[in-house]
2 protein chains.
Amino acid sequence: MKVIEKAAEPAPQKSILDILFGRPLSSEEDTAERIGPVAGVPVFGLDALSSAAYGPEAALTILIPLGLTGLTYIVPISLTIIVLLSIVYFSYRQTIAAYPTGGGSYTVATQNIGGRAGLLAGAALMIDYILNVAVGISAGVGALVSALPGLQPYTLALCLTLLLLLTLVNLRGVRETGLVFLAPTYLFVACLGGVILFEVIKTLLLGSHAAPVVTPPPLPSAVAAVSLWPLIKAFASGCTAMTGVEAVSNGVQAFREPRVKSAQTALTIIIAILVLLLAGIAYLSRAYGIGATPPGQPGYQSVLSQLTAAVAGKNTVYFIVIGAILTVLSLSANTSFADFPRLCRAIAEDGYLPNVFTIRGRRLVFTFGVCSLAILAGLLLIAFRGVTDRLIPLFAVGAFTAFTLSQAGMVMHWKRGGGHGARASMFINGLGAFSTGVTLCIIIVAKFIEGAWITVIAIPGLIMLMIYVRKHYDRIERETALREPANLKNIINPIVVLPLQRWSRVAEKALRFAYTLSRDLRVLHIQGEGQPNQQAADTLINSWEQYVEKPALQAGYTPPELVVLHSPYRFVLTPIFEYVLEVERKYPDRHVAVLVPELIERHWFYHLLHNQRANALKLMLYLKGNRRIIVINVPWYVR
Amino acid sequence: MKVIEKAAEPAPQKSILDILFGRPLSSEEDTAERIGPVAGVPVFGLDALSSAAYGPEAALTILIPLGLTGLTYIVPISLTIIVLLSIVYFSYRQTIAAYPTGGGSYTVATQNIGGRAGLLAGAALMIDYILNVAVGISAGVGALVSALPGLQPYTLALCLTLLLLLTLVNLRGVRETGLVFLAPTYLFVACLGGVILFEVIKTLLLGSHAAPVVTPPPLPSAVAAVSLWPLIKAFASGCTAMTGVEAVSNGVQAFREPRVKSAQTALTIIIAILVLLLAGIAYLSRAYGIGATPPGQPGYQSVLSQLTAAVAGKNTVYFIVIGAILTVLSLSANTSFADFPRLCRAIAEDGYLPNVFTIRGRRLVFTFGVCSLAILAGLLLIAFRGVTDRLIPLFAVGAFTAFTLSQAGMVMHWKRGGGHGARASMFINGLGAFSTGVTLCIIIVAKFIEGAWITVIAIPGLIMLMIYVRKHYDRIERETALREPANLKNIINPIVVLPLQRWSRVAEKALRFAYTLSRDLRVLHIQGEGQPNQQAADTLINSWEQYVEKPALQAGYTPPELVVLHSPYRFVLTPIFEYVLEVERKYPDRHVAVLVPELIERHWFYHLLHNQRANALKLMLYLKGNRRIIVINVPWYVR
């Protein structure tokens, strides 16, 4: 046994890939690619934070029919959501601590409840992440288009461009993604937070009678009486504000040491900001009497736009705040880009997804996962022509399924592990599992008709696909597994079949190569009308003795057997194919190597000028699959 | 030398191909596939005959601005065309006699004037044939749609369906095509001829004062004075009636023995009918005062429709006649299907087109030519959405270029050959060449702005492409030609490089095959993060001695060298690729065989579950093309 260690270095000259994605990163550079809590917020938190922009709005939209009365309920609804968010926060803190190598819902549910529960969580999250990319991008572009109506015809193109940019940034690595999105994230937080804080303080000083700079549109009078159902639906819609919270727990490995602490800090920052935003928005909507306007109708204005205008007037500040909100909305897709590939990696490591998902690319990100996400989201965007509003109700189902399973899994974890503080942790996670589970039921019931049923169908479909993939891998493993030494006895040289139509340098090369494989050669010649170059074909047969037999004998080899097949039906491939099968039947202990001389052209379009018989023959022999036939292309490179 | 003759028979069970195209025909069945003059008319004459439906109409359309005065000129214009047609007829009769193996304009011009002239004729005809298919089909469908306006939205679909049907019929062989189109062709001739004859006799008896059954729409009053230019333009337009006349001379080989006689008879029938139709239409238009109506405007009615209505009234006879005209119009594309593949074969035999055009398919037709024509015409139809009126002016340029060159070639032929009657033949062909040449100039000048310029550009483009193809073939011929015995000295077994990531049955099979090739084996193992199945990889290295070395020594082989490449950048292909190139540099006198074990799945979609590295590696090694590296896929067929 001889082992040579060699390092394969990337080429020193810059390739197009280097310019697009940056130089390749060595596996050892992993540490430098890790991020701290500050960069963690844009990488993993954009989804959660941007939820503040649409969660309250979604709840308020449901309350429109209740008029001004409905508005009084936004504060208790938001408080309920905040309480739920806090419970989820504490349980994910614990998950991060318990799974420092990444404790996404898939991992936690698989390890503590069982494989099927894990797949359920995994599939739910995968669908959620794909939807999030499509919805996030189309929401951002939608807002841009409503500000600049001239761009309307380019909606889809803008969506796809944004998707491409996000994909490129994410392919450049985690650290660069963090750096790129740092500024817009914190600008958003500063702007919206500043406006809200400023105003909350002002209204607290002035009492509840705040004077808006720009008066929001008056609320329509109530057309429905208050009852429990619309309030529940409003709560279910408002819960979309919680999507994206699980992202950090999945990506602990991306954080710098002390890993757990960094991840927990990032999660704390994200949740704290989100709670502040949600509370502030609820309070101010109530104070200013700001309700939602019916979406998709003339005069539509988002709640945050009304709120900012009421606080600051329609001046520069307003446009900066609105700009920051739009940017963050369209970048919210980025959380999916950070988490989806990690989730797929975890699932693929268990064999439920193609194992190409486990390979880190040149910039240490899971290239295949990033690209798959981009393609799937791109298809969704194309299918819906860039307007994905109708997908929003599908959203929260996946996230809350994952929440519930993850926390139920943690309960089992503490129960099994025991130890100091386990009871308290169990209580927190149990409370989390219970409350998110109840919420999930509410969401499914409230949103079933609006589209949640699609998710309810798609999740089991995806699970079945994953089980199928795993079964296939298992089958191949069973079939090919070998736990014993190689059997190298009775190796006989193959019989070589070499189809030749004319004598040329290509034929000579193939013949030379054939003799390196075996002394048992059969040259196959197809005769019959329809063979181009009849003259050249005749040369081969007439000069066989002089061109081939004599030199072979002189070199001490058995001359090849020349087999002339007459083909009255002008078939070429079928006779070769059948001859090979016949030889293979006749010699059950030998390999049959079919040598196919092939012209390799420098340009693909030259291929049109030559018969594609080599490839067709290979395909035919592959399809009739036999283990002892091997097709070998002998390339002749055209200068 | 050992020669075994074997007949490859088609499979006895009927395949889907047999049902679509009929059973394969042996080359010996060629004679039975030949056609007589009666079947020759529909196969080669549909284009020429259907010209009667649009030639006079095209001339009359140009005469519209001259009002009733214009109509008086249709008789002399038609007479000129008929004289021209007769000259062309006599010269093509001679061509058929002189070139009994098929004397298309390409062959005649190449052999008598020169290669470039031949290419010019060939390119002109090729473009003409493609246009003819698109225009013929869209004219037929257009007429059908104007009769049944409800079909309007399906114009393109109808065109493509008709194209598909024509392609299928033609792929079934020449004889079947003749049989299928026999009835509609002779129905057309009988109907239109009958109407015209009946009426000519009637008007002759009644003097010039024929009483129409249905009075044709009154001609508009003249808006332009009579001058030479519109008359010349009308003549140029009317000349489209002559397209398709060259078809028979190109397809002599398709006729039954006595071949020349059969072909000449078919040509005589076609021309005779065409002359009768043209003369009759001209005479009756004049007699009834039938002019063209402006096309594309409300109230449009074709000349033949007016004429039939005037003769027979709008009754059953009218609808049968119109139906026959429409059928033949849409089937006129068939002439192209009969001739285009033969033309391409002739050009490809000289190396100016890919040689796949020379291969006769299962039904003894040139499958590739038929399919190319269908695809090119299909693209034209799609590009013009099934309405190709604007292509009509492009039409006659190709046909008349071919006429002129063919007859000029015949002049040279007689001049060189001499012998009895050569002078007379020379005169006839010379007159033909001169008159068609003059007509060609008139057509180009008269139709240049309307679109003939496209043909004038496209023909040289096609010629350049053909010269380029020939040059490429010549280069490859020079490069690979070998007129001496094979050099079979100093053949050394290849160095085998076998990349293995884990130990399995697949690896064992590859190893066994490697030993049939050579004793000089290198097993390549890539180490580094990102390799799936790290555990399995470790097994390979740790058990190397037990699993591979010992059995190799026991079997009497040199054990393979195990080369472990550390790949910090997680590249897999690049290290293998570079290692292979290095080995190849180190041993300039050896072949390097790269064995790539490959899982062959029964279904294509399973391929997604496995790395496509085998193919990527092959592609990389092909692109960096080196003559001593051969990639061998060792297939493992998954059960």
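Begin by selecting A:D520 and A:R590: their side chains form a salt bridge, with the closest N and O atoms 3.4 Å apart. This pair links distant parts of the chain, 70 residues apart. A:D520 sits in the loop between helix 19 (505–517) and strand 2 (521–527) of chain A, and A:R590 in the loop between helix 22 (573–586) and strand 4 (592–600) of chain A. The model being viewed is a predicted one.

**The salt-bridge network around A:D520**

Keep A:D520 selected and add A:R522. These two residues also form a salt bridge, here with 3.5 Å between the closest N and O atoms. Salt bridges with shared partners thus join A:D520, A:R522 and A:R590 into one network. How exposed is A:D520? With a relative accessible area of 23%, A:D520 is partly exposed, because buried means under 20% and exposed over 50%. Its two partners fall below that lower limit: A:R522 is buried, at 8%, and A:R590 is buried as well, at 14%.

Next, select A:E257 and A:R259. Their side chains meet in a salt bridge with an N to O distance of 3.6 Å. A:E257 counts as exposed at 54% relative accessibility, whereas A:R259 is buried at 16%. Over all chains, the count of salt bridges comes to twelve.

**Chain A as a whole**

Now display chain A in cartoon form. Its secondary structure comes to 23 helices and five strands. Of its 639 residues, 58% count as buried. Among contacts in chain A with a separation of 6 or more, 80% are between residues 24 or more positions apart.

**Helix 6 of chain A**

Select residues 105–112 of chain A, which make up helix 6. Six of the eight residues are buried, so this helix is largely enclosed by the rest of the structure. The buried residues are A:S105, A:Y106, A:T107, A:V108, A:A109 and A:N112. To see what covers them, show the surrounding helices, including helix 5 (74–98), helix 7 (115–147), helix 15 (333–349) and helix 17 (395–417) of chain A. Just after helix 6, look at A:G114, which takes a positive phi of about 155 degrees.

**A:N250 in helix 11**

Move to A:N250, which lies in helix 11 (residues 247–250) of chain A. Is A:N250 buried or exposed? At 11% relative accessibility, A:N250 counts as buried. Which residues are in contact with A:N250, apart from its neighbours within four places in sequence? They are A:G102, A:G104, A:Y129, A:D339, A:R342 and A:L343.

**Helix 13 of chain B**

Turn to chain B and select residues 303–312, which form helix 13. Nine of its ten residues are buried, so the helix is largely enclosed by the rest of the structure. The buried residues are B:V303, B:L304, B:S305, B:Q306, B:L307, B:T308, B:A309, B:A310 and B:V311. Their cover includes helix 3 (37–63), helix 9, helix 12 (259–288) and helix 14 (316–331) of chain B. After helix 13 comes B:G313, with a positive phi near 80 degrees.

**B:D128 in helix 7**

Select B:D128, in helix 7 (residues 115–147) of chain B. B:D128 is buried yet has no salt bridge. Where is the nearest side chain of opposite charge to B:D128? That side chain belongs to B:K447, 13 Å away. Setting aside residues up to four places away in sequence, B:D128 touches B:F395, B:G398 and B:A399.

**The largest cavity**

The last stop is an enclosed space. There are six cavities of 30 Å³ or more, and the largest has a volume of about 100 Å³. To find it, select its lining: B:V43, B:N170, B:G173, B:V174, B:T177, B:F337, B:A338, B:P341, B:R342, B:V365, B:F366 and B:V370. Helix 9 (174–206) and helix 15 (333–349) of chain B each supply at least two residues of this lining. Helix 15 of chain B gives the largest share, four residues. Colouring the lining by class shows eight nonpolar, three polar and one charged residues.

Technical notes
Residues numbered from 1 in each chain as written. Chains lettered and ligands numbered in written order. Heavy atoms only, no water. Buried < 20%, exposed > 50% of the residue type's maximum accessible area, 1.4 Å probe, protein only. Lys, Arg positive; Asp, Glu negative; His and termini not counted. Salt bridge = Lys/Arg side-chain N within 4 Å of Asp/Glu carboxyl O. Contact = heavy atoms within 4.5 Å. 1 Å grid on protein atoms, 1.4 Å probe; cavity = no way out; pocket = protein on both sides within 12 Å on 5 of 7 lines; lining within 4 Å. Points joined across faces, edges and corners; volume = space filled by probe spheres on them. Nonpolar A, V, L, I, M, F, W, Y, C, P; charged D, E, K, R; others polar.
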